[in-house]
Amino acid sequence: MRHSGFVTRTPRESWIEQGLKALATGGPDAVRVEALAKQLGVTKGGFYGSFADRDALLTAMLETWERESTDDVAARVAEKGGDLVTRTKRAGVLTFSTDRLLPIDLAVRDWARRDEAVAERLRRVDNRRMTLLRESIGTFCSDPDEVEARSVLAFCLLIGEHFLAADHGGRTRAEVLARAGDVIFARKDAHPTGKDAGKQDVESLGDVRARIDDLDTQIVALLARRQTLVEAAAGFKTDEQAVRAPDRVERVVAAVRAKATAAGLDADVAESVWRSMITAFTELELARHRDS
Ligand SMILES: O=C(O)C(=O)C[C@]1(C(=O)O)C=C[C@@H](O)C=C1
């Protein structure tokens, strides 16, 4: 493990490590080259062999924190296996209940309130955590709004509990947290996943195809309603860039991926279908503009 005391670090890693310790205990203002040199028992001059300046160290520290709290946590969790919910809970413990990452996370969170670049990095890390929570809760909860609400509750619980001073009437904090976790992860409307997902009583290929045809009838009706709305959207647009609306496309695709996961539909299939559909509707909007 990178942070075990038995690993020989390069000078650069030692500065980063000492910087993260200073950040965790005293915030970014405590990350001063002279103080770090003293703590490491080296001269300040050596610092400039590894970093151009203090800002370069701060960036390297944030990179280390980001990597450890996302990719490294994911790798450690994957090593032990288990289903997605088990792995998500383990990731939560590794990130928010350990001496290593928790104090750094809380310090970064505080720092992000005053520094836009840090806020951006924190947003990226938190979004990855939310994606994991959504995917995990989506394995047993099919309502996308509820998946989002439960994911936020789980996230707020993990972070917020470190800011609470409340007692729990004879219960320990750990007991209450465990119970809160059970509530958030309680299966309400489980749908089957894996090879049994969507398994229905079908007698023959003809049977399956008849059902697919029925679903297609419903999908076509929904798409006709969608087309009416897309045409209405076209009416509000005055140029090609507005018609193409690439930002909106990405938001729609991201939302559809989350909804797909929650509903038991493969997220890649959903993305591919939606991109293709939006391309066709964009062409339709452009054609309507040309004709008008
Ligand atoms: O949201 C819009 O602005 C639309 O016109 C709808 C829609 C879509 O099909 O979802 C279609 C074209 C744009 O590229 C973005 C999205």
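1. A residue counts as near the ligand here if one of its heavy atoms lies within 4 Å of it. The model is predicted. On that criterion, the residues around the ligand are Arg226, Val230, Ala233, Lys237, Val243, Arg244, Arg248, Val249, Ile278, Phe281, Thr282 and Glu285.

2. Sorted by class, this shell around the ligand holds six nonpolar residues, one polar residue and five charged residues. Among the charged members of the list are Arg226, Lys237 and Glu285.

3. Which residues place a polar atom against an oxygen atom of the ligand? Arg226 does so through its side chain, with a polar atom 2.8 Å from a ligand oxygen. For Lys237, an N or O atom of the side chain is 2.6 Å from an oxygen atom of the ligand. Arg244 uses its backbone instead: a polar backbone atom is 2.8 Å from a ligand oxygen.

4. How much of the ligand does the protein bury? Taken alone, the ligand exposes 360 Å², and 89% of that is buried by the protein.

5. Four elements give two or more residues each to the shell around the ligand: helix H10 (205-235), helix H11 (240-244), helix H12 (246-263) and helix H13 (267-291). The most comes from H13, which gives four residues.

6. One backbone value deserves a look. Ala245 has a positive phi of about 35 degrees, although it is not a glycine. Ala245 sits in the loop between H11 and H12, and both of these helices are on the list of elements that contribute to the ligand shell.

7. The largest pocket should be considered separately. Its volume is about 800 Å³. It is lined by 34 residues, of which Thr88, Lys89, Ala91, Gly92 and Leu158 are the closest to its centre.

8. Which elements give two or more residues to the lining of the largest pocket? They are helix H4 (54-80), helix H5 (84-96), helix H7 (116-137), helix H8 (144-160) and helix H9 (173-184). H5 gives the most, with nine residues.

9. By class, the lining of the largest pocket divides into 19 nonpolar, nine polar and six charged residues.

10. On annotation, UniProt places the feature "DNA-binding region" at residues 32-51, in an unreviewed entry. In the model, that span is 60% helix and 0% strand. Its end C-alpha atoms lie 13 Å apart.

Conventions. Residues are numbered from 1 along each chain as its sequence is written. This is a predicted model: local features need pLDDT of at least 70, side-chain atom pairs count only at pLDDT 80 or more; totals for chains, interfaces and linings use all residues. Side-chain values use heavy atoms; hydrogens and water are left out. A polar contact is a pair of N or O atoms within 3.5 Å; within protein, one must be able to donate a hydrogen and the other to accept it, and residues adjacent in sequence count only if both atoms are side-chain atoms. Accessible areas come from the Shrake-Rupley method with a 1.4 Å probe; for residues, only the protein chains shown count as cover. On a 1 Å grid over the protein atoms alone, a cavity is a set of points where a 1.4 Å probe fits but cannot get out, and a pocket is an open set with protein on both sides within 12 Å along at least five of seven lines; lining residues have an atom within 4 Å of a point. Grid points are joined across faces, edges and corners, and a volume is the space filled by probe spheres set on the points. UniProt positions are given in the numbering used here, feature names are shortened, and annotations may be inferred rather than shown by experiment.
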